[in-house]
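Dear colleague,

I am handing this structure over to you, and I would be grateful if you could keep it open while you read the notes below. They begin with a small question and then move on to the chains and their helices.

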Amino acid sequence: MNRKLTEHTAINFVEKDEVLELKDLLAEKGDPQPSSPPDSYWGNLIVRTNQRIDEATSGKALSINWAARVAIPGVIAILSFLFGLQYYVPDGPSTATTLNTVVQSLPEETIDSLLAQVPQIMENYTFHLYANDPFVVSDDQIVDYFVAMGKASTLLDVMTDQQVEQLLTQLALEKKL
Amino acid sequence: MEPKADLELVEEVRNGNRQAYTELMRRYQQRVYWVSRRIVGTHEDADDIVQETFIKAFLGLGDFRGDASFFTWIYRIAVNLSLNALRKKQALNYLRQSDVIARFLPSRDDPAEELNSKEMGSLLQRAIKELPEKQKAVFIMRYYDEMSYEEISQVLKTSVGGLKANFFHALRKVQEYVKRES
């Protein structure tokens, strides 16, 4: 018990010394502090946040969610149908079974307008694509799709932590290959 | 008059008093802002994250059980959102390296990018930027906010021993970077 306490205290002393040493070093170098926002920023931040809370809890937000609930299954059904159709075309080229090909065969405006109307579609869409189901397309196909559509940055906005990590792993693998 | 305790305000918010939530935001907005700013590096990103943090906290107040303090809870949300934003940035930078994708993304000559890189100009900020995600978070909480390991442990839900190791490694790396680059 005493030994543990001594070790603990020793670590804290070393840490304190090293932190002070670093602070001194930075002061000596005249390292600048990041600039603080003006005082008016804080009051304004509360106003803006309250407005966003109002929006998030208003009927407007609820109606969008309701529209999304109706639209998402529709879009998924259309894409699944197209994907399935392509997959089961007799004597069709096997490479044409990727989602990339299917989506590219659709008019770009159609996809864009659907995505613009219901942003949540993309989130659900990526979730479905990453689901552990043998019939869904793979990660590299979804990357292909978003590259083809020029939506890479949008994709990142809607991806979860787990999906971003999967994407990074996938890209790292591709880079090695 | 004694200021109301956080938990008292939380209870009032749950009973529909929005003014009580404004008071909670006023109390913690600066700490939430600065931890986010130090993790993500830019004012614009930190500004987004502070708003997101308070919105998520408001909407999730029903899940707040009071096991940890309200501040720890909200601080955890801010750290998680900041790390998430950082990962997205990392992914975006990774994608930028790809020739195929580069043409769909803003170039490095983008004025916003230039401004951000200037904001990352401090030696310490650049050193922190080089740290792995977890070391970065622990370093910021310990070095700037001077939080105890027990508090950090509540935020990151990690053991105190692991946090000490993380901070020690981070500190060494920052020291080496500062000595090397200055």
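Is His169(B) buried, partly exposed or exposed? His169(B) is partly exposed, because its relative accessible area is 48%, where buried means under 20% relative accessible area, exposed over 50%, and partly exposed in between (1.4 Å probe, protein chains only). This residue sits in helix H10 of chain B, which covers residues 160-181, and its C-alpha is 9.4 Å from that of Leu131(B), although 38 residues separate the two in sequence.

Before going further, please note that this is a predicted model, in which local features need pLDDT of at least 70 and side-chain atom pairs count only at pLDDT 80 or more, while totals for chains, interfaces and linings use all residues. Residues are numbered from 1 along each chain as its sequence is written, chains are lettered from A and ligands numbered from 1 in the order in which they are written, and side-chain values use heavy atoms, with hydrogens and water left out.

The two chains

Chain A has nine helices and zero strands, and chain B has ten helices and zero strands; helices (H or I, at least four residues) and strands (E, at least two) are DSSP runs, numbered from the N terminus. Of the 177 residues of chain A, 33% count as buried, whereas for the 182 residues of chain B the share is 52%. The accessible surface of chain A comes to about 11200 Å², with 59% of it belonging to carbon and sulfur atoms, while chain B exposes about 8900 Å², of which carbon and sulfur atoms supply 49%; these areas come from the Shrake-Rupley method with a 1.4 Å probe, and for residues only the protein chains shown count as cover. If one takes the contacts (heavy atoms within 4.5 Å) between residues at least 6 apart in sequence, 64% of those in chain A join residues at least 24 apart, and in chain B the figure is 58%.

Helix H3 of chain B and its partners

Two packed helices are described by the angle between their axes and the distance between the axes. Helix H2 of chain A (residues 40-57) and helix H3 of chain B (residues 43-59) have axes that come within 9 Å and cross at roughly 50 degrees; axes are lines fitted to C-alpha atoms, for helices over the stretch in contact, and angles run from 0 to 180 degrees between N-to-C directions. H2(A) and H3(B) are therefore oblique to each other, given that angles under 35 degrees count as roughly parallel, over 145 as roughly antiparallel, 65 to 115 as roughly perpendicular and the rest as oblique. The residues of this contact of H2(A) with H3(B) divide into nine nonpolar, four polar and four charged, where Ala, Val, Leu, Ile, Met, Phe, Trp, Tyr, Cys and Pro count as nonpolar, Asp, Glu, Lys and Arg as charged, and the others, Gly among them, as polar.

Within chain B, helix H2 (residues 18-40) also packs with H3(B), at an angle of about 140 degrees and with the axes 8 Å apart, which makes H2(B) oblique to H3(B). The residues of the contact of H2(B) with H3(B) divide into twelve nonpolar, four polar and four charged.

Helices H8 and H9 of chain B, and two loops

Helix H8 of chain B (residues 133-143) and helix H9 of chain B (residues 149-156) have axes that come within 10 Å and cross at roughly 140 degrees, and that makes H8(B) oblique to H9(B). Ala137(B), Val138(B), Met141(B) and Arg142(B) of H8(B) meet Tyr149(B), Ile152(B), Val155(B) and Leu156(B) of H9(B), and the residues of this contact divide into seven nonpolar, no polar and one charged. Nine of the eleven residues of H8(B) are buried, so this helix is largely enclosed by the rest of the structure; the buried residues include Phe139(B) and Ile140(B).

In the loop between H8 and H9 of chain B lies Glu146(B), which has a positive phi of about 50 degrees although it is not a glycine, and which is exposed, with a relative accessible area of 59%. Lys157(B), in the loop between H9 and H10 of chain B, likewise has a positive phi, near 55 degrees, in a residue other than glycine, and is exposed with a relative accessible area of 65%.

With kind regards
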